[in-house]
Amino acid sequence: MNNSDVIVIGAGPAGLASAAIMQGLGLSVTVLEKTDAVGSVWRRHYDRLHLHTDRGHSGLPGMAMPRSYPTYPSKEQVIDYLESYAAHFRLRPAFNTTVHQIARDGAQWIADTTKGAFSAPVVVVATGWADFPHRPSWPGIDTFRGHLIHSSEYRNTSPYTDQRVLVVGFGNSGGEIALDLATGRIDTTLAVRGPVQILPRDLLGIPILTWAIAQNSLPAAVVDFINAPVIRLAVGPIERLGLKRAAKGPRRMIEEDGRVPLLDIGTLAKIRDGSIKVRGGIDRFTPDGVFFSDQAAQQFDAVILATGFRTDLRALLPNARGVLSPEGKPLVTGATTNEPGLYFCGLLASPTGQLRQIGLEAIRIGDLARHYVTSPGK
Ligand SMILES: Cc1cc2nc3c(=O)[nH]c(=O)nc-3n(C[C@H](O)[C@H](O)[C@H](O)COP(=O)(O)OP(=O)(O)OC[C@H]3O[C@@H](n4cnc5c(N)ncnc54)[C@H](O)[C@@H]3O)c2cc1C
């Protein structure tokens, strides 16, 4: 059996950051990655994707993103950065190694993988949420004859030329995919079921994340109260566009519901000029389209479900106690869990940028893990 101080599962941003930190603390680290490359999920993202969070707040610990990058780097630049990060810290993940499950055996965690068993007193689960696309079901969905995909499968507009496309959901993926389609002159409709929160990506020329970080120590309700008039002014009236503003402010939405508001990079302008049409929620599917909840029927050739992700780690951690919600979502991330030596990195949504949060969590887990490995009983 392969032994080390730490097993890190996943070689995305969270796994690489955790491994770099722990290696720097003198711990021996084994990174297990099921694909054949670092940052594999970024490689699969849609072509036009750029970071929505600024470069200055999106780098991982110990190595900032290059100054030559624009404020909002492209997905290719993110991938190059992750490769350079792994090379800089001499991280050599065991690729093509899928972890089926992890279980504790005395003071050791045993990872059961496609390449045999690995053991370590510390395990960091940095598996992200990409493997858990949420596909809601509606009556009649099986009868739909058009093209139906989840947003994680969307790459670019090319399959949709001359088609009528419905994008379901108004998060960052839904907003940007609708923008991509409309920019490509494709007949685009957005189904928006409930009230939304929209933030400008920059406010007064400063990335919105900078504002969020400056207010981080204040309670969510206070932050939302202070910001509401400014956001209203910056985003403009949305009710006349067929959208409803959520009563709950953006910060509370992230903290209480794990829902990230739309950081607008042009979607609203396309709704305003009519190139994206807004409809309400879906009531049911028909063979050639949908009935919206107002019972109006409309035909679509393709439907893209931008309905988010629902992490479920029950299969990975079948015996762990007190660390997952009944649905399989970690109860805490970047902190001590109920199971000694078990940590999660980057697995819950953050109001101050996920990549930034991943870096902070990796540093915190590093300290906890070093302490745990050197004095396990304490
Ligand atoms: C479209 C999109 C845009 C985003 N844009 C931003 C942004 O602008 N700014 C920001 O801060 N955040 C952004 N995020 C959120 C977040 O930062 C990224 O999703 C980031 O990649 C998360 O990193 P991660 O390492 O936690 O997970 P991932 O990048 O998903 O990496 C997880 C890794 O674990 C591997 N893995 C999973 N299960 C196993 C297993 N059982 N065994 C072995 N390996 C396994 C996977 O193959 C993968 O390589 C975005 C997310 C999406 C979906």
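This passage describes one helix pair and one sheet in a predicted model.

The helix pair consists of α1, which spans residues 13-24, and α3, which spans residues 75-88. The two helices pack with their axes 10 Å apart and at an angle of about 20 degrees. Angles under 35 degrees count as roughly parallel, and α1 and α3 are therefore roughly parallel to each other. The crossing in which α1 passes α3 is left-handed. On the α1 side, the contact involves Pro13, Leu16, Ala17 and Ala20. These residues meet Leu82, Tyr85 and Ala86 of α3. By class, the residues of the contact of α1 with α3 comprise 7 nonpolar, no polar and no charged.

The sheet lies later in the numbering, with its edge strands at residues 282-286 and 297-299. Strands of a sheet pair through backbone hydrogen bonds, in either a parallel or an antiparallel manner. Here the sheet is open and has 3 strands in the order β16-β17-β18, and the pairing is antiparallel. Strands β16 (282-286) and β18 (297-299) form the edges, each pairing on one side only. On average, neighbouring strands of this sheet are turned by 25 degrees against each other, with direction ignored.

Strand β17 covers residues 289-292 and is joined to β18 by 3 bridges. These two strands run antiparallel. Within this pairing, Val290 has Gln298 in β18 as its bridge partner.

Conventions: Residues are numbered from 1 along each chain as its sequence is written. This is a predicted model: local features need pLDDT of at least 70, side-chain atom pairs count only at pLDDT 80 or more; totals for chains, interfaces and linings use all residues. Side-chain values use heavy atoms; hydrogens and water are left out. Two strands pair if DSSP finds at least two bridges between them. Helices (H or I, at least four residues) and strands (E, at least two) are DSSP runs, numbered from the N terminus. Axes are lines fitted to C-alpha atoms, for helices over the stretch in contact, and angles run from 0 to 180 degrees between N-to-C directions. Angles under 35 degrees count as roughly parallel, over 145 as roughly antiparallel, 65 to 115 as roughly perpendicular and the rest as oblique. A crossing is left-handed if the near helix is turned anticlockwise from the far one by less than a right angle, and right-handed if clockwise. Contact means heavy atoms within 4.5 Å. Ala, Val, Leu, Ile, Met, Phe, Trp, Tyr, Cys and Pro count as nonpolar, Asp, Glu, Lys and Arg as charged, and the others, Gly among them, as polar.
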